[in-house]
Amino acid sequence: LPLVEAFTSMIKNLSTKTGQEISCLIRNASYFSVLNPDDKNHSCLNVSADDVKFQMCVRTAQRMLSGGLGDCCFGATMFHYSDNIPDWAMARGYIADIDGILFYT
């Protein structure tokens, strides 16, 4: 749940910063590599809409996007998995580490 809140916060922050619609951001593979079919975590996207954990994630995202939750990633607009550090992250300090995901502004 903390990671769902963090990703939703980050997406909302990114939308505010770039002016892009959230619906466009969440479909952008340059932000979310998991959307690429060759990504190691791509199969995780195959979840039933009636899955209890998925429904909890949807409710959490709805609460965040409607203003019902605070920004738990402190203004972050970028992230990466802690076991794979991209070049862009080398010169930056992360501002949040939530379940092995590092968040940056």
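What share of the contacts in the chain with a separation of 6 or more comes from residues 24 or more positions apart? I looked this up before anything else, and the figure is 49%. A note to self before going on: this is a predicted model.

**Entry: the whole chain**

I went through the elements from the N terminus on and wrote down α-α-α-β-β-β. That makes three helices and three strands. The radius of gyration came out at 14 Å, close to the 13 Å that the globule rule gives for 105 residues, so the chain is as compact as a globular protein of that length. I also noted the span of the C-alpha trace along its principal axes, about 40 × 35 × 25 Å.

Next I turned to the surface. The chain has an accessible surface of about 6700 Å², and carbon and sulfur atoms hold 55% of that. Of the 105 residues, 28% are buried. For charge, I found 8 positive and 11 negative side chains, with the centres of the two sets 6 Å apart.

**Entry: the strands**

I started with β3, residues 101–104, and asked what pairs with it. Strand β1, residues 78–81, runs antiparallel to β3 and is joined to it by four bridges. Met-78 faces Tyr-104 of β3 there. Strand β2, residues 96–98, also pairs with β3 in the antiparallel sense, over three bridges. In that pairing, Asp-97 has Leu-102 as its bridge partner.

Then I checked the two faces of β3: are they covered or not? Both are covered. Ile-101 and Phe-103 lie on one side, Leu-102 and Tyr-104 on the other, and all four are buried. I jotted down the general rule beside this: in a regular strand, side chains alternate between the two faces of the sheet.

**Entry: two positive phi values**

Which residue of the β2 and β3 hairpin takes a positive phi? I found Asp-99, with a value near 55°, in a hairpin that has two residues between the strands. Asp-99 is not a glycine, and it sits in the loop between β2 and β3. Its relative accessible area is 60%, over the 50% cut-off, so I entered Asp-99 as exposed.

Phe-74 went on the same page. Its phi is also near 55°, again a positive value in a residue other than glycine. I located Phe-74 in the loop between α3 and β1. With a relative accessible area of 59%, Phe-74 is exposed.

**Entry: the end of helix α3**

I picked two neighbours here, Met-64 and Leu-65. Helix α3 covers residues 52–65 and includes Leu-65; Met-64 is in α3 too.

Is Met-64 buried or exposed? I read 2% relative accessibility, and buried means under 20%, so Met-64 counts as buried. Leaving out residues up to four places away in sequence, I listed its contacts: Glu-5, Thr-8, Ser-9, Lys-12, Leu-69 and Gly-70. I also took the C-alpha distance from Met-64 to Lys-53, which is 17 Å for eleven residues in sequence.

Leu-65 is partly exposed, at 40% relative accessible area. With the same sequence neighbours left out, Leu-65 touches Thr-8, Lys-12 and Ile-22. Thr-8 is 57 residues away from Leu-65 along the chain, yet their C-alpha atoms are separated by 7.4 Å. I put the two contact lists side by side, and Thr-8 and Lys-12 appear in both.

Notes: Residues are numbered from 1 along each chain as its sequence is written. This is a predicted model: local features need pLDDT of at least 70, side-chain atom pairs count only at pLDDT 80 or more; totals for chains, interfaces and linings use all residues. Side-chain values use heavy atoms; hydrogens and water are left out. Buried means under 20% relative accessible area, exposed over 50%, partly exposed in between (1.4 Å probe, protein chains only). Two strands pair if DSSP finds at least two bridges between them. The radius of gyration is taken over C-alpha atoms; the globule rule is 2.2 Å times the number of residues to the power 0.38. Contact means heavy atoms within 4.5 Å. Accessible areas come from the Shrake-Rupley method with a 1.4 Å probe; for residues, only the protein chains shown count as cover. Lys and Arg count as positive and Asp and Glu as negative; His and the chain ends are not counted. The place of a charge is taken as NZ of Lys, CZ of Arg, CG of Asp or CD of Glu.
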